[in-house]
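Trainee: I am new to this structure and would like to know what stands behind the terms used for it. Could we go through them one by one?

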Amino acid sequence: MSETTTLLQVNDLHTSFFTNSGEVKAINGISFSLDRGKILGIVGESGSGKSVTAYSLLRILTDPGRVTAGQVLFNGEDILTYSTQKMHSFRGSRISMIFQDPMTSLNPVYTIGNQLREAIRIHTDRTREQVHARALEMLTLVGVNEPEKRLKQYPHELSGGMRQRVMIAMALACEPDILIADEPTTALDVTIQAQILELMQELQHKLGMAIIMITHDLGVIADICDEIIVMYAGRVCERGTADEIFYNPCHEYTKGLIRSIPTFGSTHEKLTPIAGNPVDLLKLPSGCAFASRCDRAMKICLSDPPEEIRVNENHIAACWVNVKNVYDEAKEGQDQ
Amino acid sequence: MSNHPLIDVRNLKQYFTVKADMITKLQLKAVDDVSFTINQGETLGLVGESGCGKTTVGRALLRLYKPTAGEVYFDGNLITDDNIDHYRKDMQVVFQDPYSSLNPRMTMADIVGEPLDIHGLYKTKAERKEKIAELVQLVGLNSDHARRYAHEFSGGQRQRIGIARALAVNPRFIVCDEPVSALDVSIQAQIINTFEELQEKLGIAYLFIAHDLLVVQHMSSRIAVMYLGKIVEVGPADEIIFHPVHPYTQSLISAIPLPDPKAARERRRIILQGDVPSPLNMPAGCPFRSRCRYATEECAQVCPSLEDMGAGHQVACYHPQG
Amino acid sequence: MSNYSADMIPKKRLLSLQLDVSKFEPASDAEKEQHETMRESTTFFRDGMRKLFRNPLAVISLIVLLLIIVTIVFAPMIVPYKYSEMITINGTRDRSAKNLPPFTYSQMEQEAIDNGATIFPHIFGTDELSRDYFIRVVYGARVSLSVGFFASLIVLIIGLLFGSIAGYMGGKVDLVMMRIVDVIYSLPDTLMVILLSVVLDQVLGQSLQGTVLAALGTNMISLFVVFGLLYWVGMARLVRGQILSIKTNEYVLAARALGAKPGRIIRKHILPNCMSVIIISTALQIPSAIFTESFLSFIGLGVQAPMPSLGSLANASRQALQAYPYKLFFPALGICLIVLSFNLLGDGLRDAFDPKLRR
């Protein structure tokens, strides 16, 4: 039953950047699936590989980057095997993407209308009037006031929040099945961020597409995501429903992350930070990448990479501590 | 002994002239009549959205810009262009971007040692080296890495170097200009703790500028909220967080993304309509009235000034809520 | 109550894992530290050099340039001919040694060899005045390279001074200084170069007589002056732009907040950070100076005969191009190699050292 609703299935994806200083393993074997109509959050720090994941899915990696292994199944078809031609029509129509900086992702020399109409025309054969009507409809849908006037304006005449709305309108113009949002609110102010998040949730309800939300902000993730993937150094630490990840974290990194953000109204408590510094992707250690920063690191963490283990129906984690717990409990059971 | 605050800012104004085209020059009121005080060893949090002038307040206070009007008193003494060099040792700054705030051609020892060189704070080379090692360890870095260049360190470590540089002159007051915004979540907490430990140890007062309310409410004893160059509300941190009165503060607080899915689902956000007006083209009267749902005729006439609500809680609004 | 159960581990894993209980012991801090690898320390310079040497084009250019420099320094010591000297055999002029092809001997020379004398081969042959062509090309390259090098140096000095003053002072000073630059920039430079070298040739010719500089030839001096007067503007603009952008960096602001004086800020913070860009653009200036020199010599405004330059050699070869094409080939090849190598090396330097292209 659950098989039929799976829209996107990523299997053991590896992506590396072959730089002058050596191979940078940006993604190191990640797997996940996305169901129709769900909002999936990918959270991680800079260098965790969350944006590279999105670029790999859409095959828009720039030069030294290459997908080295894995499968990306969209409705059961591996899009990594698609021809360049087929990929062109696939992008935008089935999966589309919005980016962090709405300033640089719109072309400053064309009007909003030009760019929006272009996005609509690429994937559909409509008449001029239909395209124009569709453009107006999309702008209204994303809550842009005075859409007729906006169509004639240039990107610099709009505010950051407005531009991000236009980007969303462009991305959704061809009714994609999946919208990938790469830090869509990071460049925006808090009050505008709230507007955009609200809009994305609303559109998701209305249009029923699935969203992959990439962000470093746990607050944003908690706000709108159904499922969450936590990434560290190109690997999945754990994935599960939002409640599972926040209230029952099973990876030491996730636990540390949740502990380290100030809670609302916690004016006088001390924070519990994660010690150490982010891992150097050029020199990924054997074993668990987080081990050197982990309070509960064991010998096995330094030597063997942790396997993904199902904690419960809605939750998978890759941390040796879980295995140890199982082992301890089994032993206790034997002793009794 | 001293009953005056450490930092006393009175009616600070910082205007910039912007060329709209070849002939027209517009006045950008980045900071418009801002007053506040900071006591010894206290943290005042300054929050606001981008472009509200919070960074400019910090820089004008330190006279990195030449203020258009207003006075700044340090420990009761008026700071002027002539005596600012003397006060540079007392007032320091930590910047937002750990990449552009450190000279890439200098080693950690050179960066931390520069203030010592400028103010001649050592007699022998050995003493300089010792002081640098001390500072570096104070902020939690390894002094064995003193010969390394700034780009070899990670973001969090670079921010620590910036803090060590500010501490080198033994300041009594530091302007922290978004010091954790550019850092990863797991590193932010390290730096926040470092700031707090230093405050406990050395009794330094901070002006903590940030847009992240969660961080500010954690750091500060008092919070000031800025909107378009003006302080709209100021008061004790708990008051501002739990009983905000200004409609802007209320929506700001309700918009904080909480890392807590259940709370997020139950919460009712006050979503502000529209965008921040351009500071070049500010509405007359209260700057917030164009987005405020309580705005009346009165708000369009004269800009409200800060009124005391008791317990040091001040608000600039004709229709305080709650 | 527990979240964990044995069935959460996939069965096959449990079997294949062969869990070693001792591995569940906590890792010590030392072990963890060992696990965390810190990148080895490199300086900006070392890192840049490493990048430069990984760039094959830059390395080849560097080798070619070094070979050329070694040749033009040492060849005159080995080859027994002079650039202005006609070939003589036992004190008599060898009139048969005109326009010899490479590696051939004239009749007289052949006779001398037959009589047991050793005669150094004419690697590139000889020219129409029976002069060894190889040594002339070597001297031509010497002249071209030194013109390129010194002209760039002049450009660097004037441009650096002018640009840094304009950039740091800002305001009205900057405005006036940059308008001067704009005016000079708007002059048609080829025309100006030709005019100036004609005018300077006459003016300098008289005033230089009897001085050390006279030995260099008035044309050479006027070349330097022309470069100095015209080509510094690009450098000045570059330096000014660099300083303007570096001035806004937060580390400059931090230094000001610490009470650093302007002199210290320029010396410690601004200059070191724009040096790499300036050096790179100087390296790229050299080939353009060589090119201009060759061009001027080609149209007869360059160095004075009998002193050769690559451009004047190419010009001289024009008259008998059909009969002796190699005479154009050698100087032209020289110009190409030098200019191409400097350009590729400059590009390589930029890729390796330009802070904007890093990371």
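Mentor: The following turns take up cysteines, a buried arginine, chain C and the two interfaces of chain B in this predicted model.

Trainee: How many disulfides does the structure hold over all chains?

Mentor: Zero. A disulfide is a covalent bond between the sulfur atoms of two cysteines.

Trainee: Why is Cys225(A) not paired with the closest cysteine sulfur?

Mentor: That sulfur belongs to Cys237(A) and is 16 Å from the sulfur of Cys225(A). The cut-off is 2.5 Å, so the distance is too far for a bond.

Trainee: What about Cys286(B), where is the nearest cysteine sulfur?

Mentor: The sulfur of Cys303(B) is the nearest, at 5.7 Å. Set against the limit of 2.5 Å, that value leaves Cys286(B) in no disulfide.

Trainee: Are these two cysteines, Cys225(A) and Cys286(B), buried or exposed?

Mentor: Buried means under 20% relative accessible area. Cys225(A) has 7% and therefore counts as buried. Cys286(B) has 8%, so Cys286(B) is buried as well.

Trainee: Why is Arg165(A) called buried?

Mentor: Its relative accessible area is 11%. Because the term applies under 20%, Arg165(A) is buried. The residue lies in helix α7 of chain A, residues 160-172.

Trainee: Which residues is Arg165(A) in contact with, leaving aside neighbours within four places in sequence?

Mentor: Val142(A), Gly143(A) and Val144(A) are among them, and so are Gln195(A), Ile196(A) and Leu199(A). Contact here requires heavy atoms within 4.5 Å.

Trainee: What makes up chain C?

Mentor: Chain C has 14 helices and two strands. Of its 359 residues, 45% count as buried. Among contacts in chain C with a separation of 6 or more, 72% are between residues 24 or more positions apart.

Trainee: How many residues are in contact between chain B and chain A?

Mentor: On the chain B side 46 residues are in contact with 44 residues of chain A. The two chains bury about 3,900 Å² between them, and 55% of this is on carbon and sulfur atoms.

Trainee: What makes the pair Asp243(A) and Arg265(B) a salt bridge?

Mentor: Their side chains meet at 2.4 Å, N to O. The cut-off is 4 Å, so the pair qualifies as a salt bridge. The count between chain B and chain A is two salt bridges, and 15 residue pairs are in polar contact.

Trainee: Which helix gives the most to the side of chain B that touches chain A?

Mentor: That is α6(B), with 10 residues. The residues of this side divide into 21 nonpolar, 12 polar and 13 charged.

Trainee: How many residues are in contact between chain B and chain C?

Mentor: There, 30 residues of chain B are in contact with 26 residues of chain C. The area buried between these chains is about 2,500 Å², 54% of it on carbon and sulfur atoms. Leu64(B), Arg105(B) and Ile118(B) supply 24% of the area that chain B buries against chain C, more than any other three residues.

Trainee: How do you know that Arg59(B) and Glu250(C) form a salt bridge?

Mentor: The N to O distance between their side chains is 3.5 Å. This is within 4 Å, so the term applies. The count between chain B and chain C is three salt bridges, with 14 residue pairs in polar contact.

Terms used:
Residues numbered from 1 in each chain as written. Chains lettered and ligands numbered in written order. Predicted model: local features only at pLDDT ≥ 70, side-chain atom pairs only at ≥ 80, totals over all residues. Heavy atoms only, no water. Buried < 20%, exposed > 50% of the residue type's maximum accessible area, 1.4 Å probe, protein only. Buried area = accessible area lost by both parts, 1.4 Å probe. Polar contact = N/O pair within 3.5 Å; in protein donor to acceptor, adjacent residues only side chain to side chain. Helix = DSSP H or I, 4+ residues; strand = E, 2+ residues; numbered from the N terminus. Nonpolar A, V, L, I, M, F, W, Y, C, P; charged D, E, K, R; others polar.
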